[in-house]
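A colleague at the bench asked me to look through this model and jot down what I found. Here are my notes, in the order I made them.

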Amino acid sequence: MKKYLISGMPPGYSGTGRLLDALIPNAKKDGFKVIMPVLTPPLSLLVKNRDIKGLRKKIIYNKITRKIIFHIQTAHIKNAIILFLHPQSAGFKRFLSLIKSNEMYYYVLDNSFFCARSYNNNPITEKECFICLKNPEKILPECMPCPVRYEKQKYINYLKKLKKYADRLVFFAQNENQKKLLIKSRAHNLCRKSFSMIQTKVL
């Protein structure tokens with residue numbers, strides 16, 4: 001079977017970016033093809049440095065172009081092993097589509113598998129929140145999807161479908177608390193490998 005590491009975010013200085021810096025070399029050694037967005041510097045930095053070549057690249061790889069390229073890169077993938085990171089950036093429609101025809105491993109980086117705000121922080125109390133853990137329809141009026149902006153109802157629909165397809169996924173939980181939340185949310189097909197094992201060797 002062909003193997004793919006797919007991420008909605010590129011390597012970089014974010015938590016996900018640093019994780020990818022560690023995962024990618026091992027993934028390539030294990031025969032994974034890596035698919036992720038093209039990384040471009042902030043526009044303000046390119047203008048400040050008068051980086052014409054960088055500005056051209058920024059224009060070419062705009063949001064729409066990146067979506068088209070990602071669709072082309074992933075549309076043909078079937079009957080493969082996929083390790084997927086950050087589906088909210090990659091696009092939920094493509095993520096769910098790939099689940100149907102592949103052996104999918106979902107590396108859970110945050111709590112976006114049940115929370116539209118990703119980090120289950122209640123916007124009113126500023127405390128930990130589990131209102132949507134079992135039912136995404138219970139989302140508070142004050143809650144808006146982030147860090148990637150989606151229409152609220154579209155995000156709710158995605159969470160419902162994710163629960164529906166949960167048995168087709170293997171979830172990589174980062175710690176025991178996250179594992180318990182996955183089980184409570186009915187996304188219970190968990191990988192038994194520890195976080196440290198995943199970091200040092202993909203699958």
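**Entry 1: helix 7 and its cover**

I began with what lies over the buried residues of helix 7, and the cover includes helix 5 (87-90), helix 6, strand 4 and strand 5. A reminder to myself: this is a predicted model.

Which residues of helix 7 are buried? I listed Tyr 155, Ile 156, Tyr 158, Leu 159 and Leu 162. Looking down the axis of helix 7, I found these buried residues within an arc of 160°, so they line one face of the helix. This fits the rule that an α-helix has 3.6 residues a turn, so residues three or four places apart point the same way. On the face turned away from the buried side, I noted the exposed residues Lys 154 and Lys 164.

I also checked the length of helix 7. With 13 residues at 1.5 Å each, helix 7 should span 18 Å, and its end C-alpha atoms are 19 Å apart, which agrees.

**Entry 2: the cores**

Next I looked up the largest nonpolar core, which has 38 residues. Ile 6, Phe 84, Phe 95 and Tyr 158 touch the most other members. The elements that give two or more residues to this core are strand 1 (3-7), strand 3 (81-85), helix 6 (92-101), strand 4 (103-107), helix 7 (152-164), strand 5 (169-172) and helix 8 (176-184). Apart from this core lies another one, of 16 residues, and I found Leu 23, Ile 81, Leu 85 and Tyr 107 among them. For background, nonpolar side chains in soluble globular proteins tend to be buried together.

What does Phe 84 touch, leaving aside its neighbours within four places in sequence? My list reads Ile 6, Phe 70, Ala 90, Phe 95, Leu 98, Met 104, Tyr 105, Tyr 106 and Tyr 107.

**Entry 3: strand 3**

Phe 84 led me to strand 3, where five of five residues are buried. Both faces are covered: Ile 81, Leu 83 and Leu 85 are on one side, with Ile 82 and Phe 84 on the other.

Then I looked up the pairing. Strand 3 pairs with strand 1 in the parallel sense over five bridges, and Lys 3 has Ile 81 as its bridge partner. Strand 3 also pairs with strand 4, in the parallel sense and over five bridges. Here Ile 81 stands opposite Glu 103.

**Entry 4: Leu 181**

I picked one residue from helix 8, Leu 181. Is Leu 181 buried or exposed? Its relative accessible area is 12%, and buried means under 20%, so Leu 181 counts as buried. Not counting residues up to four places away in sequence, Leu 181 touches Asn 111, Phe 113, Phe 114, Phe 130 and Leu 133. Leu 181 and Phe 113 are 68 residues apart along the chain, and their C-alpha atoms are separated by 9.5 Å.

**Entry 5: the whole chain**

Last, I stepped back to the full protein. I counted nine helices and five strands, following the pattern β-α-β-α-α-α-β-α-α-β-α-β-α-α along the sequence. Of the 203 residues, 42% count as buried. Among contacts with a separation of 6 or more, 56% join residues 24 or more positions apart. The accessible surface comes to about 11,900 Å², and 55% of that belongs to carbon and sulfur atoms.

Terms used:
Residues numbered from 1 in each chain as written. Predicted model: local features only at pLDDT ≥ 70, side-chain atom pairs only at ≥ 80, totals over all residues. Heavy atoms only, no water. Helix = DSSP H or I, 4+ residues; strand = E, 2+ residues; numbered from the N terminus. Buried < 20%, exposed > 50% of the residue type's maximum accessible area, 1.4 Å probe, protein only. Contact = heavy atoms within 4.5 Å. Areas by Shrake-Rupley, 256 points an atom, 1.4 Å probe, with all protein chains shown as cover. Core = buried A, V, L, I, M, F, W, Y, C linked by side-chain atoms within 4.5 Å. Pairing = 2+ DSSP bridges. Expected span 1.5 Å × (residues − 1). Arc of directions from axis to C-beta.
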